[in-house]
Amino acid sequence: MLAYLLRRLLLVVPTFLGITLVIFAITRFVPGGPVERMLAQSKFMEEGSAQTQSFQDNSSLDEYQLEELNAFYGLDKPVMEAYWEWLNRLLVLDFGESTRYYEPVLDMIIERLPVSMFYGGMTFLIAYLVSIPLGYYKAVKHNTAFDNASSVLIFVGYALPGYVVGILLLSVFSFHLDWFPMGGFTSDDFDDLESKGEMIKDVLWHAVLPLICYIIGDFATLTITMKNNLMENLSADYIRTAIAKGLPFKDAVRKHAMQNSLIPLASHFGNSLLFFLTGSFLIEVVFNIDGIGLLGYEAIMERDYPVVMAIVALNAAMLLVGNIVSDICVALVDPRVRFGE
């Protein structure tokens, strides 16, 4: 097992370098970078002031000024040289400065990290704590009215993207019924609340609808996976043999079939780590949640490449570490797995 983990850790480095290099190169070749955005904003301001002369005549920069701007944003160097410099800064957690807000990228991420970790942690806990018992109960009660009704709801939820569900929930429960707020992580008067209980209540009140959108996709996948694997194990020979020898059905399920049914869920465990840090771009956009997901979306739309690269590096690292965690979880659940052999 130790040898396997060492091999996987050695593969993390080239994989991480490949992911970040591809995205870094894309940010250099796609149109609409920070310099182009600055020129476009300048043109928009001139049109708003109703100037008669053309943008090219009045506000176009000469070649020297463009070179100065490219040097300021670090766009004047070849891709590999610029990537190497970015990589050296990354080793000391220096993600650079945002080209939109002119703030350190690391500070921007740290500021929004608690929000994304809150939704990621709640999504992870609720999805697993509800999906495993529900999948177990659906397998035991297969083809009953409860199983069929819950399957319809689960498949509908799985088919709808989370952001679509978010728009629907906001339209019904926030706009028409006014049961929940239209978005945000807290209320505008959150700092004026007197007690911790009121603050917790305010956060949870705002979190109900977004959590439904976060959970619905993983919830459906985990529940159906749990049910199908448990049913497969219940029909296996070793379960029938155990029951034939006098072991009660419930004990056969809990002591034997249940553990083997958790193996596919254990392989999904590591991938859930992404929710702890990055959340969902579109769900945070729909609910106007100021987390890392919304920051990443705005960075892409505004061509804020230092922020984009920081979030890509964070995502890549969490995904690679999550895959290793999944393998460890599989080995812990399934004693037959020995990666080192």
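How far apart are the end C-alpha atoms of helix α9? Select residues 196–234 in this predicted model and check: the ends of this 39-residue helix are only 48 Å apart, whereas a straight helix would reach 57 Å at 1.5 Å a residue.

To see where α9 departs from a straight line, move to V208. The helix bends there by about 45°, and the proline P210 follows within four residues.

Stay in this area and look for an enclosed space. The structure holds one cavity of 30 Å³ or more, and the largest cavity contains about 40 Å³ of space. Select F180, P181, G183, G184, W205, H206, L209, P210 and F287 to show its lining. Helix α9 gives the largest share of that lining, with four residues. P210 thus turns up twice on the tour: it follows the bend at V208, and it lines the largest cavity.

Next, the largest pocket, with a volume of about 450 Å³. Its lining has 24 residues, and the ones to pick for a view of the centre are R28, Y73, G74, R89 and P306, the closest to it. Now colour α1 (2–29), α4 (63–72), α5 (79–90) and α16 (305–333), each of which supplies at least two lining residues. The largest share, four residues, is from α5.

Finally, turn to the surface. Select V152, V156, L160, Y163, V164, I167, L282, Y297, I300 and M301: together they make a nonpolar patch with about 830 Å² of accessible area. Two or more of the patch residues come from each of α7 (145–159), α8 (162–176) and α15 (292–301). For a starting point, try V152, which sits in α7.

Note on methods. Residues numbered from 1 in each chain as written. Predicted model: local features only at pLDDT ≥ 70, side-chain atom pairs only at ≥ 80, totals over all residues. Heavy atoms only, no water. Expected span 1.5 Å × (residues − 1). Bend = angle between axes of the 7 residues up to and from the residue. Patch = residues over 30% accessible without salt bridge, like charges linked within 9 Å, V, L, I, M, F, W, Y side chains within 5 Å. Areas by Shrake-Rupley, 256 points an atom, 1.4 Å probe, with all protein chains shown as cover. Salt bridge = Lys/Arg side-chain N within 4 Å of Asp/Glu carboxyl O. 1 Å grid on protein atoms, 1.4 Å probe; cavity = no way out; pocket = protein on both sides within 12 Å on 5 of 7 lines; lining within 4 Å. Points joined across faces, edges and corners; volume = space filled by probe spheres on them.
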